[in-house]
Amino acid sequence: MKKYIADEKKIRKTMIDKNIKTINELSRLSGVSKPKIYEFLNGNTPLQTTFVRLAEFLEIDPNELIVEVEEDEY
């Protein structure tokens with residue numbers, strides 16, 4: 001089964017490129033709550049309006065921040 005998650009590496013690289021040092025700063029600048037940002041970075045589904053807002057702030061197409069992974073089936 002496939003699962004779509006946020007590309008943590010791309011988000012963190014863009015933060016570095018934009019000289020954003022912390023999740024707290026990213027949250028403040030983007031208007032996306034810290035808990036939501038942590039959810040995205042920890043593999044929770046990014047298909048939410050807050051994810052789109054974060055992508056727009058980072059000036060990245062939201063589709064470029066989503067990766068497909070195989071989800072373990074139990």
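This tour moves through a predicted model step by step, naming what to select and what can be found there.

**The whole chain**

Begin with the whole chain coloured by secondary structure, where you should find four helices and two strands, arranged along the sequence in the pattern β-α-α-α-α-β. Of the 74 residues in the chain, 32% count as buried. If you count the chain's contacts with a separation of 6 or more, 56% of them are between residues 24 or more positions apart.

**The nonpolar core**

Next, select Ile11, Leu26, Ile37 and Leu54, which are the residues with the most contacts inside the largest nonpolar core, a group of 16 residues. Helix 1 (8-17), helix 2 (23-30), helix 3 (34-41) and helix 4 (49-57) each supply at least two residues of this core. In soluble globular proteins, nonpolar side chains tend to be buried together.

Stay with Ile37 for a moment and show its surroundings: leaving aside residues up to four places away in sequence, Ile37 touches Ile23, Leu26, Ser27, Ser30, Val32 and Leu54.

**The two sides of helix 1**

Now select helix 1 and look along its axis. Which residues of helix 1 are buried? They are Ile11, Thr14 and Met15, and because they cover an arc of only 105 degrees around the axis, they lie on the same side of helix 1. Turn to the other side of helix 1, and you will find Lys9, Ile16 and Asp17, which are exposed. Just beyond, helix 1 is followed by Asn19, whose phi is positive, near 60 degrees.

**Lys10 and its partners**

Select Lys10, which also belongs to helix 1 and is partly exposed, with a relative accessible area of 29%. Not counting residues up to four places away in sequence, Lys10 touches Ile60, Glu64 and Leu65. Add Ile66 to the selection as well: although Lys10 and Ile66 are 56 residues apart along the chain, their C-alpha atoms are separated by 9.5 Å.

**Helix 2 against helix 4**

For the last stop, show helix 2 and helix 4 together, whose axes come within 10 Å and cross at roughly 95 degrees, so that helix 2 is roughly perpendicular to helix 4. To see the contact itself, display Leu26, Leu29 and Ser30 of helix 2 with Arg53, Leu54 and Phe57 of helix 4. Sorted by class, this contact between helix 2 and helix 4 has four nonpolar, one polar and one charged residues. Two of the names here, Leu26 and Leu54, were already selected at the core.

Conventions
Residues are numbered from 1 along each chain as its sequence is written. This is a predicted model: local features need pLDDT of at least 70, side-chain atom pairs count only at pLDDT 80 or more; totals for chains, interfaces and linings use all residues. Side-chain values use heavy atoms; hydrogens and water are left out. A nonpolar core is a set of buried Ala, Val, Leu, Ile, Met, Phe, Trp, Tyr and Cys residues joined through side-chain atoms within 4.5 Å. Buried means under 20% relative accessible area, exposed over 50%, partly exposed in between (1.4 Å probe, protein chains only). Contact means heavy atoms within 4.5 Å. The arc is that of the directions from the helix axis to the C-beta atoms. Axes are lines fitted to C-alpha atoms, for helices over the stretch in contact, and angles run from 0 to 180 degrees between N-to-C directions. Angles under 35 degrees count as roughly parallel, over 145 as roughly antiparallel, 65 to 115 as roughly perpendicular and the rest as oblique. Ala, Val, Leu, Ile, Met, Phe, Trp, Tyr, Cys and Pro count as nonpolar, Asp, Glu, Lys and Arg as charged, and the others, Gly among them, as polar.
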